[in-house]
Structures are given as C-alpha cells and as structure tokens.
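Biologist: I'd like a close look at one part of this model, with the surroundings filled in as far as they help. Take your time and spell out the cut-offs as you go.

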Amino acid sequence: MKNKLRLIAAGALLAAGLPTGAYAQVTSPQTATLNVSATVASICQLSAPGNIAFGTIQAGTPANAAGSVTVTCNRGATVSATTTSANASGSQKRMLSGVSEYLDYQVWQPNLASLGGCATTQTDWTAPLAMTTLWSASGGPRIIPVCATTAPSNTNAAGTYNDTLTISVTFS
C-alpha cells in the first residue's frame, strides 16, 4: 500500500510539473535572436562662411556682391530657404547708416542647377526657395551663393551702411 501511495505521489508531482529528481538534458550552445533597428532623422545644418561686402560704391552706380552659406543635409531631405533683412521695409531689404539713412538692396535666388556662382536670371529672394533637389541623390554640404545688388541713389548720404541678412533653412 505504501508503494502504491508513493507511485501516486510521484505521478501527482510529475503532473504538477515539479521536479522529481531527474532533469532533462540541455544542449549547448543556446541561441536567442534580437531585433536591431534605427531611425535616421532628416537633418540639415547651416553655416555662414562668406559675408556680402559691397565695398566703396559711387552714388547712382549699381554694385554687385556675393556671399555664401553652407547647408549640409542628409540624402533625401526636403529643404527650403528664405532671406530676411533686419532693416527691411515690407519685402524691401535695406542697409542702415546712423538712425535714418537707408540703402536698398536685393538678394537674388541662386541657380540651383549650378552652384558655382550667381544666377544670370535675377529673381528676388523674398519667398521660400525649394532646394530639395540638391540632396535627392546624395547628402553632404552644398555651398549656396548669396548674390546681392544695390543701386545707391544720388540722394543717399555718404557713410557706412550695414544690415543683418538672415537665411532661414526649413527641412524635413
């Protein structure tokens, strides 16, 4: 009767999943898998290596000058850029001398097909300029020329005129 009870107890332990003193053999090595993932963010960085300096100009004589900004984006970034003047009157960009003398100037949209210089067709850069095509094939830095023209009138007073031109780059 005692043996019968022991067999019933051992059967109950096995049915409950409790060890009975014998373990299953485990093979070596054991393996597991992990999922690996990353998200590449659309990012652009902007730097301004080249200022626009007209130098000394004669009243009534047009003058041209160029500066540049470097925009570095990853491949496929959707990019646009705008320009604003600290001394603007509406969309007219202006340099200021003293407290009340202004000298108007225009900034022209760059030729995005050829970034080597200023565009021959001059379109005032007042609205956002889509530059996405520059990063459609590959990422990296692109030097964007910033070309400007001024034509001081004979009524402008002699002096040094200055402005702060802001280039804003929007990307996604």
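How much space lies in the largest pocket?

Modeller: About 730 Å³, but bear in mind that this is a predicted model, where local features need pLDDT of at least 70 and side-chain atom pairs pLDDT 80 or more, while totals for chains, interfaces and linings use all residues. Numbering starts from 1 along each chain as its sequence is written, and side-chain values use heavy atoms, leaving out hydrogens and water. A pocket here is an open set of points on a 1 Å grid over the protein atoms alone, where a 1.4 Å probe fits and protein lies on both sides within 12 Å along at least five of seven lines; lining residues have an atom within 4 Å of a point. The volume is what probe spheres set on those points fill, with points joined across faces, edges and corners.

Now the lining. There are 32 residues in it, and I52, A53, F54, M95 and Y161 are the closest to the centre of the pocket. By type, 18 of the lining residues are nonpolar, 13 are polar and one is charged (Ala, Val, Leu, Ile, Met, Phe, Trp, Tyr, Cys and Pro count as nonpolar, Asp, Glu, Lys and Arg as charged, the others, Gly among them, as polar). Strands β1, β2 (63-73), β5 and β8 each put in at least two lining residues, and β1 gives the most, with four.

Where do those strands sit? The chain has one helix and eight strands (DSSP runs numbered from the N terminus: H or I of at least four residues for helices, E of at least two for strands). The helix comes at the N-terminal end of the order, with the strands following it. Five strands make an open antiparallel sheet, ordered β1-β2-β7-β5-β4 (strands pair if DSSP finds at least two bridges between them). Since β1 (44-50) and β4 (93-97) are at the edges with a single partner strand each, one side of each has no neighbour in the sheet. Further in, β5 (residues 101-108) and β7 (residues 140-150) run antiparallel and are joined by four bridges, with W108 facing C147 as its bridge partner in β7.

β8 (residues 165-171) takes us to β3: the two pair antiparallel over seven bridges, and V169 in β8 is the bridge partner of A81. β3 also runs antiparallel to β6 (residues 129-130), through two bridges, and A81 stands opposite L129 there. On β3 itself (residues 79-85), V79, A81, T83 and S85 make up the covered face, whereas S80, T82 and T84 are on the uncovered one. In a regular strand, side chains alternate between the two faces of the sheet.

Leading into β1 is the loop from α1 (2-16), where P29 is found. The peptide bond joining S28 and P29 is cis, with omega about 5 degrees. S42 is in the loop between α1 and β1 too, and it counts as partly exposed because its relative accessibility is 29% (buried is under 20%, exposed over 50%, partly exposed in between, with a 1.4 Å probe and protein chains only). Leaving aside residues up to four places away in sequence, S42 touches N74, A77, F171 and S172 (contact means heavy atoms within 4.5 Å). S42 and C73 are 31 residues apart in sequence, with 7.6 Å between their C-alpha atoms. For the whole chain of 172 residues, 27% count as buried.
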